[in-house]
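Open your viewer, get comfortable, and let's walk through this model together. At each stop you will get something to select and a short note on what is there.

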Amino acid sequence: MQKIGILLFLSMIIVTQAFSQSGILKGRVFNIKNNEPLPFTNIVITGTTIGSVSDLDGNFLFTGLKPGYVKLTATSVGFENVTTEEILVTNAKTVFLDIPMKEKAIQLEKVEVKASLFKRVEESPVSLKSIGISEIEKSPGSNRDISKVIQSLPGVASSVSFRNDIIVRGGGPSENRFLLDGIEIPNLNHFATQGASGGPVRIINTDFLREVDFYSGAFPASRGNSLSSVLDMKLIDGNPDKVVYRATLGASEAAFSANGPIDKKTSFLFSVRRSYLQFLFGAIGLPFLPTFNDYQVKVKTKFNQKNELTFLSIGALDKMKLNMDIKNPTDDQQYILDYLPVNNQWNYAIGTVYRHYRKNSYGTLAVSRNMLYNEAFKYENNLDTDPSKLNLRYTSEEIENKFRYEDILRTNGYKITWGGGGEYDRYTNNTFQRVFIPSASDTITSVKFDSALDFFRWNLFGQVSKGFVDELLTLSFGFRTDANTYSSSMSNPLEQFSPRFSAAYQITEKLTLNFNTGRYYQLPSYTMLGYRSSDGELLNKTNGIKYIRADHLVAGIDYRRNATSKFTIEAFYKWYAHYPFSIKDSVSLASKPADFGVYGSEEVISDVRGRAYGAEVYYKEKLMGRYDITVSYTLVRSLAEDKAGSLIATAWDNRHILNITAFAGLKKNWDIGLKWRFVGGAPYTPYDIERSSYIQAWSVQGQGYFDYSNYNSERLKSFQQLDIRVDKEYYFKKWSLNVYLDIQNAYNFKSEGAPNLVLARDESGNPLVDPENPLKYQLKTLQNESGTVLPTLGIIIEL
């Protein structure tokens with residue numbers, strides 16, 4: 001099949017001829033503070049001499065452009081120079097791009113401010129990286145998945161290759177927040193881990209992404225409930241001229257999208273996607289058969305120059321079943337069949353964003369609702385026709401109804417942001433689970449509860465930023481406070497008061513010193529808040545569970561040799577407090593890896609401190625249309641207290657992370673890219689062989705039990721992988737075609753996972769009983785090795 005795919009790729013290149021190439025780019029330049037048009041603004045295609053000038057309404061036009069990714073640079077008297085995000089020009093459609101520009105506080109004499117490809121934000125002079133659409137579309141090995149793309153950034157580690165957990169600066173995957181056009185979305189991935197994040201496959205349709213801002217610290221005051229990162233994604237608007245269609249066929253899925261006008265003031269985006277992984281997995285004999293579906297909708301109306309309204313919705317439907325048709329399963333296949341529950345899940349987010357512009361400011365009101373439904377069940381030996389064999393039945397819902405108002409004022413060189421929000425949350429959980437209690441009698445009992453929980457949350461925030469000393473020094477101070485009605489320990493907003501402060505000093509035209517410190521709070525997961533005893537008591541409420549706290553300190557330098565290159569060094573330190581601590585396992589939940597299923601549904605106390613610290617080096621050089629090189633290295637330690645109060649390594653203590661990504665634009669619309677990753681080995685916990693061997697213990701869990709007295713005492717070998725991608729684009733008279741070949745793990749590196757503990761079986765597949773103790777099974781350890789060369793042929797058609 002691999003050879004057939006490569007031959008098909010080559011044959012398509014040989015037989016296809018392209019027509020004349022001519023793209024059209026339209027747009028509007030406006031004042032960011034009030035949406036007023038900026039006439040007579042000079043706009044050029046970055047890196048070329050091709051230019052245009054805006055008219056009295058701020059509109060500009062480029063015609064006869066060569067198709068490909070471009071950026072624009074805009075200059076206007078009294079305004080700071082701007083270089084836009086990337087945009088793809090084709091001859092299949094007219095492309096539109098709006099350019100906001102910021103007024104200069106003063107006319108600088110000492111330092112000339114030149115337009116740069118890299119964004120500067122007053123509130124976040126450190127720990128902010130922006131990702132262009134070409135990096136997302138053509139990132140090798142990422143399959144156009146934003147969760148995988150950001151793994152190339154400094155501070156971001158990856159877990160096992162088949163998951164999209166986001167692990168930032170030693171923080172767990174539950175410490176991140178995601179926004180899409182100003183609407184918070186609960187999940188980025190299909191088959192998400194409830195109570196955390198991550199999953200195997202993206203939900204976001206990258207066809208519609210315009211720009212992505214990734215904060216690994218220095219969070220603006222308007223962005224709350226996060227300890228490690230904020231991923232702020234912005235979508236394009238629908239094409240105002242005509243409806244444009246796009247079809248994508250990949251190795252595991254098919255997708256269709258459309259965008260265009262509804263009327264003169266309203267445009268739309270729409271996409272649907274469905275996987276056919278269940279057929280592929282069944283054909284190659286994998287023990288689980290997943291199917292995922294998703295949709296995405298955006299409708300935007302610009303009533304006039306001062307008012308606009310956006311409607312947005314995104315959702316997913318995921319189903320998974322076990323492949324019981326496998327005959328004579330291998331030990332690895334049987335291991336997965338024994339422990340993996342059947343899982344069904346769906347989620348959605350829906351909301352509206354209204355924006356009103358005034359003379360020197362604009363206000364944004366966002367109202368939204370999101371919901372997650374999660375269901376899982378497991379029978380001993382997968383005998384689902386026998387009710388007495390039920391080991392797990394779990395159904396849960398999370399519902400959030402939110403509003404947020406944010407106002408941004410620019411006056412006399414000040415940028416002032418203020419606002420607040422509230423939400424009504426509801427959580428339900430119906431759990432039945434059989435558990436083994438090691439004791440003199442070694443009995444099996446069950447955890448059974450039915451939980452319903454609802455409460456209100458609210459927040460207030462404000463931030464002031466200003467430039468001083470001829471704009472060489474920029475200072476920003478902000479605050480935020482959060483509270484809720486869940487318990488008295490969380491209801492006082494002063495207990496969650498979180499100040500933050502940033503400073504940036506431009507030493508020379510090319511060199512800047514940056515600094516940030518702040519205190520951040522995050523609400524524990526609903527799975528913790530809603531956990532009950534069998535008699536209905538909210539155990540963690542009784543235990544006084546609190547908001548989790550993290551104090552950040554970040555400092556670094558930013559050197560920009562020219563407008564197309566950037567070199568940064570940053571050092572960071574995070575102090576954690578009030579982290580949940582597992583009563584059952586006597587370990588911090590900061591240390592627990594989040595796999596498929598549920599994270600945090602257990603009794604905890606808010607009694608643990610932790611540390612995460614390190615340094616990052618980042619270099620990027622980009623010349624549009626020719627090459628793009630990114631190198632990032634992170635040294636990181638991640639530690640949390642154990643039950644004795646000693647600091648031990650968490651599951652995210654990878655120590656060394658190195659990423660090298662390179663793209664090259666070749667002649668005749670060829671592109672080639674490569675990405676090499678190195679991630680230091682993560683700690684893991686060995687199995688408790690004695691406890692795991694009991695027949696009763698194995699019957700209720702289907703896998704081994706960890707030895708928490710030796711928690712994270714072992715460490716895996718380091719991981720590395722080389723991914724390569726080749727693109728060939730064709731631009732015809734009224735449509736375009738992109739054919740790509742993506743090869744993951746090109747030199748077939750075999751990565752090491754924690755060893756699997758399985759039952760020893762006879763030739764007929766029956767478990768072997770310990771001849772010296774009839775209450776025990778015989779166990780054996782399987783080497784957990786993964787990794788293979790994975791080529792993917794993809795076709796993208798745009799009409």
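Start by selecting strand 1 (residues 23-31) and strand 9: the two run parallel, joined by 8 bridges. Keep in mind as you look around that this is a predicted model. For one pairing in detail, click on Phe30, whose bridge partner in strand 9 is Pro100.

Now add strand 4 to the selection. You have an open sheet of 3 strands in the order 4-1-9, with mixed pairing. Which strands are at the edges? They are strand 4 (59-65) and strand 9 (94-101), each of which pairs on one side only. From one strand to the next, the twist averages 20°.

**Next stop: a run of hairpins**

Select strand 19 (residues 244-249) together with strand 20 (residues 253-261). They pair in the antiparallel sense over 6 bridges, and a hairpin of 3 residues joins strand 19 to strand 20. Zoom in on Ala247, and you will find it opposite Phe256 in strand 20.

Keep Phe256 in view and bring in strand 21 (residues 266-275). Strand 20 and strand 21 pair in the antiparallel sense over 9 bridges, and they form a hairpin with 4 residues between them. Here Phe256 stands opposite Val272 in strand 21. Ala255, in turn, stands opposite Arg273 of strand 21.

Then extend the selection to strand 22 (residues 288-304). Strand 21 and strand 22 run antiparallel and are joined by 9 bridges. Click on Ser267 to see one example: its bridge partner in strand 22 is Lys300. Is strand 21 enclosed or open to the outside? Of its 10 residues, 7 are buried, so strand 21 is largely enclosed by the rest of the structure.

While you have strands on screen, here is a handy rule for viewing them: in a regular strand, side chains alternate between the two faces of the sheet.

**Next stop: the nonpolar cores**

Show the side chains of Ile146, Leu180, Ile185, Leu209, Leu231 and Met233. These have the most contacts inside the largest nonpolar core, which has 34 residues. Many elements come together here; among those that each supply at least two residues of this core are helix 2 (133-137), helix 3 (146-149), strand 17 (209-215) and strand 18 (229-235).

Which residues does Met233 touch? Leaving aside its neighbours within four places in sequence, its contacts include Ile146, Phe178, Leu180, Ile185, Leu188, Ile204 and Leu209. Another core, of 20 residues, lies apart from this one; to find it, select Leu392, Tyr526, Leu589 and Val604, which are among its members.

**Next stop: helix 5**

Select helix 5 (residues 331-339) and show its side chains. Gln333, Gln334, Tyr335, Leu337 and Asp338 are buried. What do the buried residues of helix 5 pack against? Their partners are strand 23, strand 25 (361-379) and strand 43 (751-759).

**Last stop: aromatic rings**

There are 30 aromatic pairs in the structure. Try Tyr405 and Trp418: their ring centres are 5.6 Å apart and their planes meet at 55°, so the pair is tilted. Tyr405 belongs to strand 26 (residues 390-411) and Trp418 to strand 27 (residues 414-437), so the pair ties together parts that are 13 residues apart in sequence. Both can be checked with a surface view: Tyr405 counts as partly exposed at 26% relative accessibility, and Trp418 is partly exposed too, with a relative accessible area of 44%.

For another arrangement, select Tyr708 and Tyr711. The ring centres of Tyr708 and Tyr711 lie 5.5 Å apart with planes at 20°, so this pair is stacked. Tyr708 is partly exposed, with a relative accessible area of 25%, whereas Tyr711, at 10% relative accessibility, counts as buried.

Next, highlight Tyr427, Phe455, Tyr486 and Tyr526, which form one aromatic cluster. You met Tyr526 earlier, as a member of the 20-residue core.

Finish with two charged side chains placed over rings. Lys129 lies over the face of Tyr618, at 4.9 Å from the ring centre. Arg725 lies over the face of Tyr740, at 3.8 Å from the ring centre.

Note on methods: Residues numbered from 1 in each chain as written. Predicted model: local features only at pLDDT ≥ 70, side-chain atom pairs only at ≥ 80, totals over all residues. Heavy atoms only, no water. Pairing = 2+ DSSP bridges. Axes fitted to C-alpha atoms, helices over the stretch in contact; angles between N-to-C directions. Core = buried A, V, L, I, M, F, W, Y, C linked by side-chain atoms within 4.5 Å. Buried < 20%, exposed > 50% of the residue type's maximum accessible area, 1.4 Å probe, protein only. Contact = heavy atoms within 4.5 Å. Phe/Tyr/Trp six-rings, centres within 6.5 Å; stacked < 30°, edge-to-face > 60°. Lys NZ or Arg CZ within 6 Å of the ring centre and 35° of its normal.
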